[in-house]
Amino acid sequence: MADNESRMEKTVSALKEEFKTIRTGRASANLFDRVRVDYYGTPTPLSQVGTISIPEARLVVISPFDKSLIKEIEKGIQKAELGLNPSNDGKVIRISIPPLTADRRKELVKQAKNSAENYRTTIRNIRRDGNDELKKQQKAGEITEDELKSETDKLQKLTDKYIDEINKLYETKEKEIME
């Protein structure tokens, strides 16, 4: 039971991380979590080669620790396909976050919905694996039929709890995108 719960918790955490990378109309440092910069031949997370700051709601400023990396940081941002155009003044990189169009908002909501559904399916698969394990234990005589019923009910409640959590995360993200 504890194993199933920890797997479900990890699934919800993974969804939260994925939702952080889905762009909303506001600037956010989380947008750049997947950006990798070629740092002397090694792909390095952007956060390790510079400081990301948000001085305004629609502006991101990246200050590289090493000024010679400016071109590499720009390349990394473009490779990440975030739909953003970085510009630099030789010292810092400025990225203006354009407002989302209605069509783009709908696409992002659809993307979030698909992600949420994939994670719901993962939770259900964990439940199925748990139920299979309980049935094996019952066949082996390790647990009684009443214990099997009780544990199956607990597993179902756990599944419902985590699916509700996924639904709430999705609703929050949808509101954030549509703002």
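**Exercise 1. Lay out the sheet**

Task: In what order do the four strands of the open sheet stand, and which strands are at the edges?

Solution. Start with the order: the four strands of this predicted model form an open sheet, arranged β3-β4-β6-β5, with antiparallel pairing. Next, look at the ends of that order. β3 (50–56) and β5 (86–88) are the edge strands; each has a single partner strand, so one side of each has no neighbour in the sheet. Finally, add the twist, which averages 25° from one strand to the next.

**Exercise 2. Walk across the pairings**

Task: How many bridges join β3 and β4, β4 and β6, and β5 and β6?

Solution. Begin at β3, which pairs with strand β4 (residues 59–64) over five bridges in the antiparallel sense. Here Glu56 stands opposite Leu59 in β4. Step on to β4 and β6, an antiparallel pair with four bridges; Val61 has Arg94 in β6 as its bridge partner. The last step takes you to β5 and β6, antiparallel over three bridges, where Asn88 is partnered by Ile93 in β6. While you are there, check the hairpin of β5 and β6: four residues lie between the strands, and Gly90 takes a positive phi near 95°.

**Exercise 3. Read the faces of β6**

Task: Which side chains along β6 are buried, and which are not?

Solution. Recall the general pattern first: in a regular strand, side chains alternate between the two faces of the sheet. Now apply the pattern to β6. Ile93 and Ile95 point to one face and are buried. Arg94 and Ser96 point to the other face and are not buried. Then bring in the helix: α2 (residues 70–79) lies across β4, β5 and β6 (93–96), and runs at about 170° to β5.

**Exercise 4. Compare two helix contacts**

Task: Is α1 roughly parallel or antiparallel to α4, and is α3 roughly parallel or antiparallel to α4?

Solution. Take α1 (residues 2–20) and α4 (residues 145–178) first. Their axes come within 11 Å and cross at roughly 5°. Angles under 35 degrees count as roughly parallel, so α1 is roughly parallel to α4. Among the residues that meet in this contact are Met8, Val12, Leu15 and Phe19 from α1, and Leu155, Leu158, Tyr162 and Ile166 from α4. By class, the contact of α1 with α4 has ten nonpolar, two polar and six charged residues.

Now take α3 (residues 102–139). The axes of α3 and α4 come within 10 Å and cross at roughly 170°. Angles over 145 degrees count as roughly antiparallel, so α3 is roughly antiparallel to α4. The contact of α3 with α4 has 15 nonpolar, seven polar and ten charged residues.

**Exercise 5. Place Gly130**

Task: Where does Gly130 lie, and is Gly130 buried or exposed?

Solution. Find the element first: Gly130 lies in helix α3. Then check the accessibility: the relative accessible area of Gly130 is 5%. Buried means under 20%, so Gly130 is buried. For its surroundings, leave aside neighbours within four places in sequence; Gly130 is then in contact with Asn4 and Leu155. Those two residues also appear in the contact of α1 with α4, Asn4 in α1 and Leu155 in α4.

**Exercise 6. Check the confidence**

Task: Which element has the lowest mean pLDDT, and which the highest?

Solution. Look at the whole protein chain first: pLDDT averages 88, and 100% of the residues score at least 70. Then go element by element: α2 has the lowest mean pLDDT (86), and α4 has the highest (93).

Technical notes. Residues numbered from 1 in each chain as written. Predicted model: local features only at pLDDT ≥ 70, side-chain atom pairs only at ≥ 80, totals over all residues. Heavy atoms only, no water. Axes fitted to C-alpha atoms, helices over the stretch in contact; angles between N-to-C directions. Parallel < 35°, antiparallel > 145°, perpendicular 65-115°, else oblique. Contact = heavy atoms within 4.5 Å. Nonpolar A, V, L, I, M, F, W, Y, C, P; charged D, E, K, R; others polar. Pairing = 2+ DSSP bridges. Buried < 20%, exposed > 50% of the residue type's maximum accessible area, 1.4 Å probe, protein only. pLDDT = per-residue confidence, 0-100.
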